[in-house]
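Please open the model in a viewer and keep the sequence panel visible. The tour below proceeds by selection, and each stop describes what is found there.

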Amino acid sequence: MRGRMSFSKAQDLIRLAQIAAARRGGVSLEDICEEFGVSHRTAQRMTDALEETFGNVEAADGEDRKRRWRLVNPGLSQFQLRHETGVEALDIAARTAEAEGRLRHAKALNDLRDGLLARVPARARVEADAEAVLMAMGQVTRPGPKVSLQPDILDAIIESLRGPFRLRARYNQDAAPRILEPHGVLLGHRTYLAARDPAKADEVRNFRIDLIHEAETLNESFALQEGFTIAEYAAQAFGVWQDPAQYGEVVWRFAPEAADRAAGFRFHPRQVLEPQADGSLIVRFHAAGWLEMAWHLYQWGDKVEVLSPEALRDMIEGHRRSDFAAMP
């Protein structure tokens with residue numbers, strides 16, 4: 001006789017069914033390992049349970065020779081998140097969008113939230129439960145100063161990205177407007193427009209959005225730079241500053257007492273962590289932006305050493321303090 005499935009495993013099975021139903025191509029063992037943080041063998045057991053529990057599961061091998069499972073005619077209305085969880089997620093996303101000046105996105109998210117609540121029988125209870133969580137999360141914000149953005153400028157940029165359409169913008173102290181070709185937006189302590197200025201250069205470069213004083217979306221389409229993705233572009237920098245002359249391998253060594261703390265950081269999306277025999281940790285990645293690296297490294301005091309590049313090592317020399325009471 002089989003034992004009863006644990007509550008957490010039942011939750012995972014329902015979530016797996018949702019994923020298998022939502023993804024048109026289905027879900028593979030590799031997808032399950034990544035999504036649930038489990039081993040390949042556990043992922044296999046989960047697909048076995050999926051097939052045993054649901055009668056409308058199809059498994060098929062793709063052109064890449066990977067087997068994928070999907071639910072046919074799943075009746076997704078039977079697999080809904082708790083309504084208050086959905087309300088909380090939409091409300092948090094709306095507040096984040098509003099804080100970043102993306103008022104059009106904030107309004108759309110709030111409309112989705114209201115639409116979800118309108119379909120809930122116990123609306124008052126769900127709204128009260130969600131509000132309790134949101135009030136408790138009021139301090140969960142990005143620390144540090146931020147640059148304020150003009151919503152109408154950001155709206156024009158978003159409209160340009162949809163086309164893509166060219167953008168007429170007056171930048172910084174320029175008397176005459178520029179015609180830019182927007183390729184993406186980088187969000188951070190400063191928010192940048194990644195765009196091409198065809199009158200000056202062919203490559204994509206950064207423009208501080210807080211220094212754009214006027215912006216108008218033009219009814220003129222253009223071709224994006226071949227092969228460009230904002231993720232690839234962003235990965236060339238440690239923060240947001242792009243400088244091809246600085247791009248190269250970066251190697252940091254964290255002292256043994258800082259190794260565990262540093263291992264919990266994602267300094268760069270393509271970082272490589274190398275634990276050392278003496279308990280220290282070496283971090284490697286390729287990026288530009290030495291000044292932004294120096295700003296971050298200062299917080300670690302003398303618990304970090306720059307092995308490469310030499311120019312960055314020289315930049316922080318003399319600024320590695322030993323009297324900081326805590327690490328980042």
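Begin by selecting R205 and F207: the charged end of R205 sits over the ring of F207, 4.4 Å from its centre. Please bear in mind throughout that this is a predicted model. Next, select R15 and F36, where the charged end of R15 is placed over the F36 ring, 4.4 Å from the ring centre.

**The whole chain**

Now display the full protein chain, which has 11 helices and 12 strands. Of its 328 residues, 36% count as buried. Among contacts between residues at least 6 apart in sequence, 56% join residues at least 24 apart.

**Helices α2 and α3**

F36 also takes part in the next stop, as one of the α2 residues that touch α3. Select helix α2 (residues 29–36) and helix α3 (residues 40–53), whose axes come within 9 Å and cross at roughly 110°. The two helices are therefore roughly perpendicular. On the α2 side the contact is made by L29, I32, C33 and F36, and on the α3 side by H40, A43, Q44, M46 and T47. By class, this contact has six nonpolar residues, three polar residues and no charged residues.

**Helices α5 and α7**

Move to helix α5 (residues 103–118) and helix α7 (residues 151–162), which pack at an angle of about 80° with their axes 8 Å apart. This angle makes α5 roughly perpendicular to α7. Show the side chains of L103, R104 and H105 in α5, which meet P151, D155, I158, E159 and R162 in α7. The residues of this contact divide into three nonpolar, one polar and four charged.

**The aromatic cluster**

The structure holds 13 aromatic pairs. Select F265 and F267, a stacked pair with 5.5 Å from centre to centre and 15° between the planes. Which of these residues is buried, and which is partly exposed? F265 is partly exposed, with a relative accessible area of 26%, whereas F267 is buried, with a relative accessible area of 7%.

Add W300 to the selection. F267 and W300 form a tilted pair, 6.4 Å centre to centre with 55° between the planes. This pair links distant parts of the chain: F267 is in the loop between α9 (256–263) and β10 (272–275), and W300 is in the loop between α10 and β12, 33 residues apart. Both F267 and W300 are buried. Extend the selection to F238, W252, F254 and F285, which ring pairs link with F265, F267 and W300 into a cluster.

**Helix α10 and its cover**

Select helix α10 (residues 290–298), in which W290, E292, M293, A294, H296 and L297 are buried. What covers the buried residues of α10? The cover includes β9 (248–254), β11 (281–287), β12 (304–308) and α11 (310–316).

**V251 in strand β9**

For the last stop, select V251, which lies in strand β9. V251 is buried, with a relative accessible area of 5%. Leaving aside its neighbours within four places in sequence, V251 is in contact with I282, V283, R284, E305, V306, L307 and S308. To close, draw a distance between the C-alpha atoms of V251 and E305: they are separated by 8.7 Å, although the two residues are 54 residues apart along the chain.

Terms used:
Residues are numbered from 1 along each chain as its sequence is written. This is a predicted model: local features need pLDDT of at least 70, side-chain atom pairs count only at pLDDT 80 or more; totals for chains, interfaces and linings use all residues. Side-chain values use heavy atoms; hydrogens and water are left out. Buried means under 20% relative accessible area, exposed over 50%, partly exposed in between (1.4 Å probe, protein chains only). Helices (H or I, at least four residues) and strands (E, at least two) are DSSP runs, numbered from the N terminus. Contact means heavy atoms within 4.5 Å. Axes are lines fitted to C-alpha atoms, for helices over the stretch in contact, and angles run from 0 to 180 degrees between N-to-C directions. Angles under 35 degrees count as roughly parallel, over 145 as roughly antiparallel, 65 to 115 as roughly perpendicular and the rest as oblique. Ala, Val, Leu, Ile, Met, Phe, Trp, Tyr, Cys and Pro count as nonpolar, Asp, Glu, Lys and Arg as charged, and the others, Gly among them, as polar. Rings of Phe, Tyr and Trp (its six-membered ring) pair if their centres lie within 6.5 Å; planes under 30 degrees apart count as stacked, over 60 as edge-to-face and the rest as tilted. A charge sits over a ring if NZ of Lys or CZ of Arg is within 6 Å of the ring centre and within 35 degrees of the ring normal.
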